Amino acid sequence: PESCERNMAKVYLYNFGCSANLADGERMLGCLERAGHSEASTPEEADILIYNTCAVKGPTEDRMISLLKAAPKDKKVLVAGCLPLINFERLRREVDFNGVVGPAASTEIVEAVNRILRGEKPIILNFNSKPEVNLPFKPSNPVRRIIPVAYGCLSSCSYCCVRIARGRLRSYTIEEVKGQVERAVRAGVREIWLTGQDLACYGLDQGLSLAQLLREVVEVEGCFYVRVGMMNPRFLLSQAEEVAEAFQHPKIFKFLHLPVQSGDDEVLRLMNRGYTSGDFKAIVNVFRRKVPDLTLATDIICGFPGETEEAFQNTLRLLEEVKPDIVNVSKFYPRPGTPARLMEKLPTKLVKERSRMLTALAGKIALERNRRWLGWEGEILIDEHGLHGTMVGRNYAYKPIVVNGKLKLGEMVRVKISKSFQNYLEGEIS
């Protein structure tokens, strides 16, 4: 009889947020497919809509809540990711959902979907696990694989709510990470993203280090490149020489994501970042000495409580001096459960004005940095589809280069850079 058949669902996944969250989404789909459920190609076809949420900033959380409220009423809605742990009260108050799971859900997502199909309303908010390393996943890009090397971090930044969602550091062993890289390369992957909340503290819970991990990963056989994720200067400072040496290997993209957050030491103290602006500059100098043509990305929080006019000018001066290729500027928003939410906020108008000035300066520097690549010739790895039929590739410094032509993902092509823009370069196939 029909009632004996397992009830299977078609699911549609919306993914938001950082690369760790994208990796979690790929793993959720893999686990659901292994359990017999299937991925719908459009939201209309789905029985259950899964929202893998991010809530790192106030506006991001607002956007998630709006999207969830606008979800079609004839679909079941499952909320996953960081939002449920960061602001469950608001989620429960404002959103009509059928189930909730926390970040990095693997077996939990299968349990939640099965229980929703049985008419239950599961709320599964444990996050202490580190998902089992060999879980199935469904990659969103066939030539790019996102591999989480750890969950959680060791910092306690006064503004950050992600640690509430992701918890203390839990690293995978070097063997576990290396095994995933080997499997990915065998499957035809050409670009590996090593990701985590803070790669600089990788392995410190196990007596391991990031430099050790990188030295081992590049030993995997095959033609592939590694992009190293974000690192907090606090934990990179003591190992900068060693990690910069590991970056010299041809398989590692010359791309360093090092969030400074402020160029003012008093603001950094209020943020509880655990380093000074001088420490940040020292790390950048080590990397630029050992890795010429480094692409430097950084993040800045604008208008943090206690940011005086002088402190703001210090941040502008730092940008002028260090000249990062990429600056992600965020306005400060108090987040639930963080010490900074109790600090006195600056006037909104002032924060907006400072944010505009920072963004303008960052854009000017980015264009200046990209102009240095005009006329460069070399190989790029085609790793994504661009707009209007173009393709996007990356050179050894992880610069995005837009090219025209009938090209396939994973292909290596030789190009010459003909145009430079603030956020990308344009190349002709040579």
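A: Buried means under 20% relative accessible area, and exposed means over 50%, with partly exposed in between. The model discussed here is predicted.

Q: Is C153 buried or exposed?
A: C153 has a relative accessible area of 14%, so it counts as buried.

Q: How many disulfides does the structure hold?
A: A disulfide needs two cysteine sulfur atoms within 2.5 Å. The structure holds 0 disulfides. C153 takes part in no disulfide, and the sulfur nearest to its own, that of C201, is 5.9 Å away.

Q: Why is C18 not bonded to C82?
A: The cysteine sulfur closest to that of C18 belongs to C82, and at 6.5 Å it is too far for a bond. C18 counts as partly exposed because its relative accessibility is 40%.

Q: How is a helix checked against its expected length, and what is the result for α13?
A: The expected span is 1.5 Å times one less than the number of residues. Helix α13 covers residues 309–322, which makes 14 residues and an expected span of 20 Å; its end C-alpha atoms are 20 Å apart, so the two values agree.

Q: Which residues of α13 are buried, and what do they pack against?
A: The buried residues of α13 are A311, F312, N314, T315, L316, L318, L319 and V322. They pack against the helices α11 (265–271), α12 (277–290) and α14 (348–371), and against the strands β13 (295–302) and β14 (326–331). Just after α13 comes K323, with a positive phi of about 50 degrees.

Q: What does the same reading give for α7?
A: α7 has 13 residues, and from its first C-alpha to its last it reaches 18 Å, close to the 18 Å expected. Its buried residues are I174, V177, K178, G179, Q180, V181, A184 and V185. Their cover includes β7 (144–148), β10 and α8 (210–217). G188 follows α7 and has a positive phi, near 95 degrees.

Q: Where is R190 found, and what does it touch?
A: R190 is in the loop between α7 (174–186) and β10 (191–195). Its relative accessible area is 17%, so R190 is buried. Not counting residues up to four places away in sequence, R190 touches V143, C223, F224, Y225, L381, G410 and M412. One of these contacts can be given as a pair of separations: R190 and C223 are 33 residues apart in sequence, and their C-alpha atoms are 6.6 Å apart in space.

Q: What describes a pair of aromatic rings?
A: The distance of the centres and the angle of the planes describe it. This structure holds 14 aromatic pairs. In one of them, F421 and Y424 are stacked, with 4.7 Å from centre to centre and 20 degrees between the planes. F421 counts as partly exposed because its relative accessibility is 30%. Y424 counts as partly exposed too, because its relative accessibility is 30%.

Q: Which residues do ring pairs link into a cluster?
A: The cluster consists of Y225, F253, F255 and Y398. Y398 also has a charged residue over its face: R394 lies there, at 4.2 Å from the ring centre. In a second case of this kind, the charged end of K121 sits over the ring of F97, 4.6 Å from its centre.

Q: What sign of phi do most residues other than glycine have?
A: Most of them have a negative phi. Y398 has a positive value, near 60 degrees. Y398 lies in the loop between β16 and β17 (400–403), and its relative accessibility of 4% is why it counts as buried.

Q: Where does H388 lie, and is it buried or exposed?
A: H388 lies in the loop between β15 (377–385) and β16 (391–394). H388 is not a glycine, yet its phi is positive, at about 50 degrees. With a relative accessibility of 80%, H388 counts as exposed.

Q: How many residues does the largest nonpolar core have, and which have the most contacts inside it?
A: The largest nonpolar core has 66 residues, and L194 and F287 are those with the most contacts inside it. Leaving aside neighbours within four places in sequence, F287 is in contact with L236, A240, V243, A244, F247, L256 and L294. A second core is separate and has 24 residues, including V79, L91, F97 and C161.

Conventions:
Residues numbered from 1 in each chain as written. Predicted model: local features only at pLDDT ≥ 70, side-chain atom pairs only at ≥ 80, totals over all residues. Heavy atoms only, no water. Helix = DSSP H or I, 4+ residues; strand = E, 2+ residues; numbered from the N terminus. Buried < 20%, exposed > 50% of the residue type's maximum accessible area, 1.4 Å probe, protein only. Contact = heavy atoms within 4.5 Å. Phe/Tyr/Trp six-rings, centres within 6.5 Å; stacked < 30°, edge-to-face > 60°. Lys NZ or Arg CZ within 6 Å of the ring centre and 35° of its normal. Core = buried A, V, L, I, M, F, W, Y, C linked by side-chain atoms within 4.5 Å.
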